[in-house]
Amino acid sequence: MTAQKPAHAAADHPAVNFGKVGVIISNLGTPDGTDYWSMRRYLNEFLSDRRVIDYAPWKWQPLLQLIILTKRPFTSGEAYRGIWNTEKDESPLLTITRNQSEALEKTLKDLYGDRVEVDFCMRYGNPSTSSVIERMKEKGCDRIVFFPLYPQYSAPTTATANDEAFRALMKMKWQPSVRTVPAYYENPLYIKALAATVKEAYAKMETEPDVLVTSYHGVPIRYLKEGDPYHCHCQKTTRLLREELGLPADKVQLTFQSQFGPEEWLQPYTVEDVARLAREGKKNIAVMAPAFSSDCVETLEEINEEIQEAFMEAGGETFTYIPCLNERPDHVEMIAEIVKSEASGWL
């Protein structure tokens, strides 16, 4: 829709863009590079978020700035270098999220034409949430569907993504209307897409794995006690997936990865549990990460390298990582269907 004067405006009123619906998919974030300072900027933004680390700043910031950010950019940079998209000089998460956005844009424009604009943003790093919302407004989007790509709700993921969108709106003189997409952990299209990845992976194996491990990013167990529904959402996703696959309970295991800090986190821990499985004679396992919509350092490096190593060192024989949904057509279809539902009355 081209810029035009509002109806009944004075003759000298400037033309403005309006009347479009914007769709923004939001992912966690990515460093701009693997060097020390790029990693430090990214980790500082991420670990300074009170949704992620909710300790009092007077206690946490000295530890973060003087100790953690002195050392961790080196180890995180090394992890990212092992999975970096060297052709595009960017992280796999950025590549995949852009691909998801482009596929979603094609699907929605086939349905709605120029009435809709599609873009993506990152909670941490670039493209920033505020820059994308501003760009959407400049294109004439006076209504926006904001879609955090987290199937299971948690304060450090869905909530902080929404927080950042609302912070961007606080700076605008003329805000677009915004609808945020809720968690979709039990959406039938999501469960079917997860099941399809498992079936496809199993069809390529000579022997079916002894156990399918569904590994979710962990949070402190305190969050559950304080009312965060993440643990319950993860449990239900795994149960629905198991039922969709028709597998018995002993063939599917739920675990949590990526523990950080001294607190007790949701258990069982993936790295410990896969080693236990190997010691108990479960020599062939498959691992997937249903909480991640896109493959990233936590899946490509942590699961497919560190967690696999723990399993093999404990006596495991075959370790299969099942990729995230990424830009699969059934995943893009699911996102599009949710957008159509959440944009009801707009599109």
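Trainee: Where is the place of Pro268?
Mentor: Pro268 sits in the loop that runs between strand 6 (252-257) and helix 9 (270-279). Helices (H or I, at least four residues) and strands (E, at least two) are DSSP runs, numbered from the N terminus. This is a predicted model, in which local features need pLDDT of at least 70 and side-chain atom pairs count only at pLDDT 80 or more, while totals for chains, interfaces and linings use all residues. Residues are numbered from 1 along each chain as its sequence is written, and side-chain values use heavy atoms, with hydrogens and water left out.

Trainee: Is the peptide bond from Gln267 to Pro268 cis or trans, and what is its omega?
Mentor: The bond from Gln267 to Pro268 is cis, and its omega is near 5 degrees. A cis peptide bond also leads from Asn126 to Pro127, with omega near 0 degrees. Pro127 belongs to the loop between strand 2 (116-125) and helix 4 (129-138).

Trainee: Back to the loop between strand 6 and helix 9: which residue there has phi near 65 degrees?
Mentor: That residue is Ser258, which lies in this loop and has a positive phi although it is a residue other than glycine.

Trainee: Is Ser258 buried or exposed?
Mentor: Ser258 counts as buried because its relative accessibility is 14%. Buried means under 20% relative accessible area, exposed over 50%, and partly exposed in between (1.4 Å probe, protein chains only).

Trainee: What about Asp89, where is it found?
Mentor: Asp89 is in the loop between helix 2 and helix 3 (92-112). Its phi is positive too, at about 50 degrees, and Asp89 is not a glycine. Asp89 counts as exposed, since its relative accessibility is 52%.

Trainee: Which side chain makes a polar contact of 2.6 Å with the side chain of Ser258?
Mentor: The partner is Glu302, a residue of helix 10. The side chain of Glu302 has a further polar contact, of 3.0 Å, with that of Gln257. A polar contact is a pair of N or O atoms within 3.5 Å; within protein, one must be able to donate a hydrogen and the other to accept it, and residues adjacent in sequence count only if both atoms are side-chain atoms.

Trainee: How far from Glu302 is the nearest side chain of opposite charge?
Mentor: That side chain belongs to Arg72 and is 8.1 Å away; Glu302 is buried yet has no salt bridge. A salt bridge is a side-chain nitrogen of Lys or Arg within 4 Å of a carboxyl oxygen of Asp or Glu. Lys and Arg count as positive and Asp and Glu as negative, whereas His and the chain ends are not counted.

Trainee: How many salt bridges does a search of the whole structure find?
Mentor: The search finds 21 salt bridges. One of them joins Glu164 and Arg167 at 2.9 Å, N to O. Both residues lie in helix 5 (residues 155-170), three residues apart, which is about one turn of the helix. Glu164 is buried because its relative accessibility is 18%, whereas Arg167 is partly exposed at 37%.

Trainee: Which residues are linked with Glu164 and Arg167 in a network of salt bridges?
Mentor: The network links them with Asp49 and Arg123.

Trainee: And which residue forms a salt bridge with Lys340?
Mentor: Glu337 does, the closest N and O atoms being 2.7 Å apart. Lys340 and Glu337 are three residues apart in helix 11 (residues 329-342), about one turn of the helix. Lys340 is partly exposed, with a relative accessible area of 28%, and Glu337 is partly exposed at 33% relative accessibility.

Trainee: Changing topic to the surface: which residues form a negative patch?
Mentor: Glu305, Glu306, Glu309 and Glu313 form it. Glu306 lies in helix 10 (residues 297-313) and is partly exposed, with a relative accessible area of 43%. Patches are made of residues with over 30% relative accessible area and no salt bridge; like charges are joined within 9 Å, and nonpolar side chains (Val, Leu, Ile, Met, Phe, Trp, Tyr) within 5 Å. The place of a charge is taken as NZ of Lys, CZ of Arg, CG of Asp or CD of Glu.

Trainee: Which residues form a nonpolar patch on the surface?
Mentor: Leu63, Leu66 and Ile67 form that patch, and together they have about 290 Å² of accessible area. Accessible areas come from the Shrake-Rupley method with a 1.4 Å probe; for residues, only the protein chains shown count as cover. Leu63 is in helix 2 (residues 57-81) and is partly exposed, with a relative accessible area of 37%.
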